[in-house]
Amino acid sequence: MGEVKTPRQWFLWGIALVYVCAFASIYVQIPGLYGDEGILPVRLQMPKVQRPLLEQESLLGLGPSLGLAPQQVLELTCLVGMALALCAVLLEPLRDSLIYFCLRFLYLSLYNVGGDFLHSEWDVLLLEAGLLAVLVAPLGLLRRHSSYRYHDPVSFWLTRWLFFRLTFCTGVSKLASGDPAWYNLSALSHHLENQMNPTPLAWYVHQLPDWLLRFGAVVVLQSEIIVPLVTFFAPIRRLKLFGFYVQLFLQLCYILTGNCSLLNLLSITLSFSLLDDDHFNSNTSPKKKKGQEKKPRSCGQTLVSYLMLLVELAVYLFILYCFITLFKLQINWEEKTLSSQTNFTQKQFHAFLEVFQELTIWIGVLSFTWEAVSAMLNCVCTRGIVSKLWSLIQWALITAAAVAVFALSVVPYTSMAGMSVSKVLPAVRGAYSAVERYQLVGAYGIQHRMTSSEGRPEIILEGSYDGLTWTEMNPMYKPGNANAVPPIVGPHQPRLEWLMWQAAQGGDDTSPWFTGLLQRLLQGKPEVVSLLQVDEAQYPFSQKPPVFIKAKLYNYHFTDPAKDKTHLQAWWRRQYKREFFPIVNLDDLMLKKLLEEAGLKEKFPAQPGSDAPVSQALSLIRDHVKGLSGSLLLLTLLATLASIFLIKAIFSWVLGGRKPRPASADHKTRKSKEPSETTEKSQAAAPSNRGGKKDSSEKKDLDKSPRKRK
């Protein structure tokens, strides 16, 4: 692999863009989730005894000194983070280590007070990727310019290790958990309707033949388990490129069928670690001229290239062998179908994990050592003693930090299903426990849930004025009305719908957030109602809150036009499963008891807003955003960024077209050769003193000739 200047910039740009989406998505939902009238008011989490700012886990302690309410502290955190991230997206000099440190600090502050709403896998992944961005980004704000550093490949290697852990653990968890849907290869058909936010395209993909969906499940398992093992750390550049395009194709399929989530954006951003500068410059490099021939390669170089080609072909054949052998792929030429089934048991897969657990770690150690040693040799070859010493000091610091991050990541990596943490050194486990609250590294794949073949479980809330006539409260971002088109959510992450989706799969009805949700809906708080429906016309209790409320559990399935001929206009068909939460009202003793157990019983009223300038500015911004859905706000923000980049590209193209044409390469070489030729002629024509006089006299005679005078 060559240099990584361009992939590094793409990685930093992608992380900044993900921060923009994350902060903007949380900002829209703060009043309904954490406001004074929200589901889990953040003011109830304020510590009774104020501690020093450096000892606090969030920025809530800054509220009294700034004259801000706890909710406004969260809003200010999101707005500052969004502004910094936007600057990093638009301006390359601001993709600096200090900027990314501030972004991660702000997001960690939100994570520490966010509770269940912010403890998702993509939040943990963003915090770890944000830490790597701090190490990868240059520290150039304190200097006039930031140049390429020899230790950049060392820090950038950590992003490839994180991408490997994320991809490999996600694939392994599907089989290590013993999910029968993945062992019988029917998981993809169920996943299309069971995922958090399916798109309309998911309905059409669900109608594909069963044999094709089963083959799709095989492709997913191969792409997440076998392909990372044999390509991510391969010494051959083309294998890394193959792994990159496989993962890019997989993430695009996830986005098209399940909306664009932060997890997909982060996965694509991390996949840039498999690229190098040569891949970006291959299409823009100048073409060789007809007369210019390639330099002949030595026998050793030719032999090495042929050996690498053979190894590359062997890897492709190995992947194809795994396809055919592990999943018994057989083509039925008469019916034009492809049959597939797993050719291994769960016990055999656990034996595979025991072997490859240590092997993947040692492969990572060897790959990291190669990058570190190569970077050190480049530092040693630097000209000048001072520059060499400074480069070696930087290399030592970054390498030590990278070794620490890599060692810490081994602990959560070995905690996934089927692996043993006992093999990790006790000192490393102790260090991980000491810094666990800072979310430096995360565990991925451990939240895998069994893919249900009974359909998609959904919690449906119903309200009533008299306890006899019930009306459903259909949310914006998840299935409710069977005739409603699956929504396009985009990069927005609806936190309430995400928890309701998880609660429906787990069957937990005693969570504090669910109790707080019922209370606020019975009170008719508009901040919480806007989480379900922004359009008042779509919410049946916009004029008056319900007196009674209950929750039912339904199983949803995509409709099949061939079978469900009575549901031709419907996207879903549903079946009642059971009661999820009994009928309650505001005076219900059970509801009051659950609120008191959850710590949501308000013992003191909310403090009125202050007249501080910062508080008034935050209120003004909130008034302008009120009434907008999260998906609309983020799509508008992304469209604005795209427009700015488009205008910038047009201006650069127009201004670039007015610039004088650069001299051609031949003209430059001819120009550079002219002085050398004149010097050679003058040196060749420099004879002895006698000859010199003779030549000079001849030159004078020529000047006096009539032809010359004319």
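1. A good place to start is Glu462, which is buried with a relative accessible area of 5%; buried here means under 20% relative accessible area, exposed over 50% and partly exposed in between, with a 1.4 Å probe and protein chains only. Keep in mind that this is a predicted model, where local features need pLDDT of at least 70 and side-chain atom pairs count only at pLDDT 80 or more, while totals for chains, interfaces and linings use all residues. Residues are numbered from 1 along each chain as its sequence is written, and side-chain values use heavy atoms, with hydrogens and water left out.

2. Who is the partner of Glu462 in a salt bridge? The side chain of Lys550 meets that of Glu462 at 3.9 Å, N to O, where a salt bridge is a side-chain nitrogen of Lys or Arg within 4 Å of a carboxyl oxygen of Asp or Glu. Glu462 lies in strand β3 (residues 456-464) and Lys550 in strand β5 (residues 548-558), so the pair ties together parts that are 88 residues apart in sequence. Helices (H or I, at least four residues) and strands (E, at least two) are DSSP runs, numbered from the N terminus. Lys550 counts as buried too, at 12% relative accessibility. Elsewhere, Glu37, Arg520 and Lys525 are joined into one network by salt bridges that share partners.

3. The count of salt bridges comes to 17. One of them joins the side chains of Arg8 and Asp152, at 3.5 Å from N to O. Arg8 belongs to helix α1 (residues 5-34) and Asp152 to helix α6 (residues 152-176), so this pair ties together parts that are 144 residues apart in sequence. Both Arg8 and Asp152 are buried.

4. You may also like to look at Arg495 and Asp123, whose side chains form a salt bridge at 2.7 Å, N to O. This pair links distant parts of the chain, with Arg495 in helix α18 (residues 495-506) and Asp123 in helix α5 (residues 121-136), 372 residues apart. Arg495 and Asp123 are both buried.

5. Now for the empty space. On a 1 Å grid over the protein atoms alone, a cavity is a set of points where a 1.4 Å probe fits but cannot get out, and a pocket is an open set with protein on both sides within 12 Å along at least five of seven lines; lining residues have an atom within 4 Å of a point. The structure holds one cavity of 30 Å³ or more, and the largest cavity has a volume of about 30 Å³. Its lining includes Ile26, Ile30, Tyr34 and Leu74. Helices α1 and α4 (97-114) are the elements that give two or more residues to this lining.

6. The second largest pocket holds about 990 Å³ of space. Of the 47 residues that line this pocket, the closest to its centre are Pro31, Pro526, Glu527, Ser530 and Lys626. Among the elements that give two or more residues to the lining are α1, α18 and α20 (526-532).

7. Finally, a look at the surface. Tyr306 lies in helix α14 (residues 299-327) and is exposed, with a relative accessible area of 52%.

Terms used
Grid points are joined across faces, edges and corners, and a volume is the space filled by probe spheres set on the points.
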